[in-house]
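Take a look at the chain shown here. Start with its overall form, then turn to its backbone.

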Amino acid sequence: MIEVKHLTKSYGRQLALSDVSFELKEGDILGFLGPNGAGKSTTMNIITGYLSADQGTAVINGYDILEEPMKAKKHIGYLPEIPPLYGDMTVRKYLEFVFRLKKIRMPMKEHIDKVCEMVSITDVSERIIKHLSKGYRQRVGFAQALIGDPPVLILDEPTVGLDPVQIIEIRSLIKRLGKNHTVILSSHLLSEVQAVCDKIIIINNGRIMAEGTMDSFTRSGRDTRRLTIIAEGREQQLYSLLRNIDKVTKVEKLGEREKGCWEFAVSSSGDVRRAVYRRLASSDCNILTMKPEEQTLEETYISIISGKES
Ligand code: ADP
Ligand code: MG
């Protein structure tokens, strides 16, 4: 559906994107996650044909954005970071303007009515845009992206500047649209991507740092190199047994959990779960709990963007 191939882009001497590639299948809702300045808008502007890349290209539904920009653009609805609204127009006049600009060949009134219905702005369609709340203006932004029924929606930080209620409304709108569109949504908020997307790409300093399904992220967050262990015995004895296992780099005493049962945090340079089991069993120390430390998606994200991932 969308293939992004080796995008590289500099602004003068500032490298904004370096060899960014990814693919999206029909129906995917991709969260493009990264801090400010990571390169999200630059990537989106290239995919939508608003900016040229120094190297690489994007192919949308089989149409290369460089070779067949008109055809490629027909398949994309784009909501830029700052939606291109004309404040003095009514919602309907503005959407009619966008309709003509996109050279859509459908009955205009019906189509605009349908789009207004989709984003729940029918009630305000005769109002002047600048008199609308920010939440409604953002929906008008969605409406202009939906004119022409493009199968792909590219949404650049669509909830920035909205209040919490508006944010929830816009997120549920995105989820609804995600049922019959392929969506790329950029955000610097992990919670937003978690709430809406089923795939994530984490980008930082113009490079893709990680990508995968939401599930794979939560699972890879389980790090077997950090174990929490509760075992029965004397604290010092247990400590020494654990400390002397090959590949164990650090053992922290976390205290007595039940009578005669001690908790430890064990760090290691590899998976030591089997060795721990054998060592404690051979000294008649019962293991009551042994589990990999759970890393939340948030910790994973922070460790990735701060470059501390090991
Ligand atoms: P994001 O959308 O993730 O916040 P951007 O794609 O806007 O990131 O920016 C990526 C990098 O490119 C940043 O370092 C930013 O300062 C730089 N940049 C973006 N647009 C311009 C521009 N028009 N001129 C110069 N540098 C720019
Ligand atoms: Mg941006």
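This report covers the whole chain and then two of its residues.

**The whole chain**

The model is predicted. Its secondary structure comes to 11 helices and 14 strands. How spread out is the chain, set against a compact globule? The radius of gyration is 26 Å, while the globule rule gives 19 Å for 310 residues, so the chain is more spread out than a compact globule. Along the principal axes, the C-alpha atoms fill a box of roughly 80 × 40 × 30 Å.

Of the 310 residues, 47% are buried. Take the contacts between residues at least 6 apart in sequence: 67% of them join residues at least 24 apart.

**Surface and charge**

The accessible surface is about 16000 Å². Carbon and sulfur atoms account for 49% of that surface. The side chains include 44 positive and 41 negative ones. The centres of these two sets lie 2 Å apart.

**Two residues with positive phi**

Glutamate 157 has a positive phi, and this residue is not glycine. Asparagine 205 also has a positive phi and is likewise not glycine. The table gives their values.

| Residue | Phi | Relative accessibility |
|---|---|---|
| Glutamate 157 | near 45° | 6% |
| Asparagine 205 | near 50° | 55% |

Where does glutamate 157 lie? Its loop runs between strand S7 (152-156) and helix H6 (164-178). Asparagine 205 sits in the loop between strand S9 (199-204) and strand S10 (207-213).

Buried or exposed? Buried means under 20% relative accessible area, and exposed means over 50%. Glutamate 157, at 6%, therefore counts as buried. Asparagine 205, at 55%, is therefore exposed.

Methods
Residues numbered from 1 in each chain as written. Chains lettered and ligands numbered in written order. Predicted model: local features only at pLDDT ≥ 70, side-chain atom pairs only at ≥ 80, totals over all residues. Heavy atoms only, no water. Helix = DSSP H or I, 4+ residues; strand = E, 2+ residues; numbered from the N terminus. Rg over C-alpha atoms; globule rule 2.2 N^0.38 Å. Buried < 20%, exposed > 50% of the residue type's maximum accessible area, 1.4 Å probe, protein only. Contact = heavy atoms within 4.5 Å. Areas by Shrake-Rupley, 256 points an atom, 1.4 Å probe, with all protein chains shown as cover. Lys, Arg positive; Asp, Glu negative; His and termini not counted. Charge placed at Lys NZ, Arg CZ, Asp CG, Glu CD.
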